[in-house]
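Please look over the sequence and model below. The report that follows covers one helix and its surroundings.

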Amino acid sequence: QPRWPLDDDSKPRITVKPRMSEQTKAQLRQSYIELAPGLKAHGLDSGQCLQVSAACVAKAAEHPDWGDPKRYLLSKSGEQVAVQHQNGRFDEVRVNEALQSSANAHLDRVQDLQQARETPAVQPERSAPVQTEPAMTR
C-alpha cells in the first residue's frame, strides 16, 4: 500500500472537535438569558456572564438522569447560581469558581461528558477459570 511521503505515524494527529449540540446551545442561551441581568447587576461583564452560564450547563451535564435544566437561578448575594432540573433537583455553582475556567473550557467539559455517555464502555475480556486436577497421591 503506497504511503504519502509526509505521513509519519510517530507524529500526532490533528483532531477536530465536534460541533456543539443544539441541546447544549439552547441550554447555554437559556442560562445566559436568565442569569446575565442579575450577574451584570453584581458587576460582571458579558464575557464573565457567559463563563458562569457555561459552567451551569457543564454542571447540568453531570446529571443527565435528572432531566434537562428547567431554570437557572442566581442567589441574592450574587455569589452562587443554581440549575433546577426537570425532576426538581438543584445543582449549585459558585460564581468565583465558574470564573476560574474559560467558557470554552466549560463547554469542552460538556462535550467530554456527552461523548463519554455515547461511547460504550469496553468490558475487559475475562478468561475462563482454570480448573486443575488434584494431584494423585499414593
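## A buried glutamine and its helix

Gln 51 counts as buried because its relative accessibility is 16%; buried means under 20% relative accessible area, exposed over 50% and partly exposed in between, with a 1.4 Å probe and protein chains only. The model is predicted: local features need pLDDT of at least 70, side-chain atom pairs count only at pLDDT 80 or more, and totals for chains, interfaces and linings use all residues. Residues are numbered from 1 along each chain as its sequence is written, and side-chain values use heavy atoms, with hydrogens and water left out.

Gln 51 sits in helix H2, residues 46-61. Helices (H or I, at least four residues) and strands (E, at least two) are DSSP runs, numbered from the N terminus. What does Gln 51 touch, not counting residues up to four places away in sequence? The list is Ala 98, Leu 99, Ser 101, Ser 102, Ala 103 and His 106. Contact here means heavy atoms within 4.5 Å.

Polar contacts are given below. Such a contact is a pair of N or O atoms within 3.5 Å; within protein, one must be able to donate a hydrogen and the other to accept it, and residues adjacent in sequence count only if both atoms are side-chain atoms.

| Side chain | Backbone partner | Distance |
|---|---|---|
| Gln 51 | oxygen of Leu 99 | 3.2 Å |
| Gln 51 | oxygen of Ser 101 | 2.8 Å |
| Asp 45 | nitrogen of Gly 47 | 3.1 Å |

The Asp 45 contact, made by a side-chain oxygen, is at the start of H2.

The length of H2 agrees with expectation, because 16 residues at 1.5 Å a residue should span 22 Å and the end C-alpha atoms are 23 Å apart. The expected span is 1.5 Å times one less than the number of residues. Buried residues of H2 include Cys 49, Gln 51, Val 52 and Cys 56. The buried residues of H2 pack against H1, S1, S2, S3, H3 and H4.

Next, the core. A nonpolar core is a set of buried Ala, Val, Leu, Ile, Met, Phe, Trp, Tyr and Cys residues joined through side-chain atoms within 4.5 Å. The largest one has 23 residues, and Leu 39, Val 52 and Val 81 have the most contacts inside it. Helix H1 (22-41), H2, strand S2 (80-85), helix H3 (95-98) and helix H4 (103-118) each supply at least two residues of this core. H2 gives the most, with nine residues. Leaving aside neighbours within four places in sequence, Val 52 is in contact with Leu 39, Leu 44, Val 81, Val 95, Ala 98 and Leu 99.

Now the sheet. Three strands form an open sheet in the order S1-S2-S3, with antiparallel pairing. Two strands pair if DSSP finds at least two bridges between them. The edge strands are S1 and S3 (90-94), each pairing on one side only. Five bridges join S1 (residues 69-74) to S2. Leu 73 stands opposite Ala 82 in S2. The hairpin of S1 and S2 has five residues between the strands, and Gly 78 there takes a positive phi near 80°.

A second glutamine, Gln 114, lies in helix H4. Gln 114 is also buried, with a relative accessible area of 17%. Not counting residues up to four places away in sequence, Gln 114 touches Ser 21 and Thr 24.
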